[in-house]
Amino acid sequence: MQKRAPYWWLTSAFLATTLLFSIASCQAQNRPTGITGRWDITVHTAGGDYPSWLEVKQSGATLVGYFVGQFGSMRPISRVEFKNGTVKFSIPPQFEFRRNGKDLNFEGQLVDGKLEGTTDAAGDSAKWSAVPVPPLKREKEPKWGKPIT
């Protein structure tokens with residue numbers, strides 16, 4: 001008499017395969033993009049250039065971030081859109097004078113590892129550019145002096 005494979009074995013093999021494919025799919029979706037990291041921004045206005053700062057992080061399947069502009073403190077960005085090399089994000093005004101009270105909008109392109117775009121943060125349309133912040137890695141441990149007594 002021939003023995004049949006137990007159904008539990010086939011079911012277990014199917015579930016294990018499905019689980020492995022699901023994990024691989026999630027890991028592929030959560031890989032960091034070319035926009036994640038910290039960026040030094042320079043906004044170019046008629047009144048002169050001013051610095052800003054952007055950090056973009058992966059949060060699940062969503063990109064989020066933080067922004068420091070010409071005025072105010074670090075502000076959270078609830079959603080950073082990045083598709084086909086184009087980045088977009090908006091933040092509410094903090095201390096910026098906005099006649100219309102609308103959010104500050106940034107849009108740009110990732111080209112050769114740098115960002116370039118336009119914003120209405122200065123009131124009128126202004127160009128901006130950004131470069132990645134270099135990593136701050138120590139080559140060796142610091143040598144500390146004697147404590148002050």
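Two exercises on strand pairing follow, each with a worked solution.

The model is predicted: local features need pLDDT of at least 70, side-chain atom pairs count only at pLDDT 80 or more, and totals for chains, interfaces and linings use all residues. Residues are numbered from 1 along each chain as its sequence is written, and side-chain values use heavy atoms, with hydrogens and water left out.

**Exercise 1.** Find the strands that pair with β1 (residues 37-45), and give the sense of each pairing.

Solution.
1. Strands are DSSP runs of E with at least two residues, numbered from the N terminus. Two strands pair if DSSP finds at least two bridges between them.
2. Nine bridges link β1 to β2 (residues 48-59), in the antiparallel sense. Within this pairing, I41 has S52 in β2 as its bridge partner.
3. Two residues lie between β1 and β2, and the two strands form a hairpin.
4. β1 is also joined to β9 (residues 126-132), by six bridges, and these strands run antiparallel. Here W39 has P132 of β9 as its bridge partner.

**Exercise 2.** Trace the pairings from β5 through β6 to β7, with a bridge partner for each step.

Solution.
1. β5 (residues 81-83) runs antiparallel to β6 (residues 86-91), and three bridges join them. F82 is matched with V87 in β6.
2. The turn of this hairpin holds two residues between β5 and β6; N84 in the turn has a positive phi of about 55 degrees.
3. β6 continues to β7 (residues 104-111) through six bridges, again antiparallel. K88 has E107 in β7 as its bridge partner.

Terms used. Helix = DSSP H or I, 4+ residues; strand = E, 2+ residues; numbered from the N terminus.
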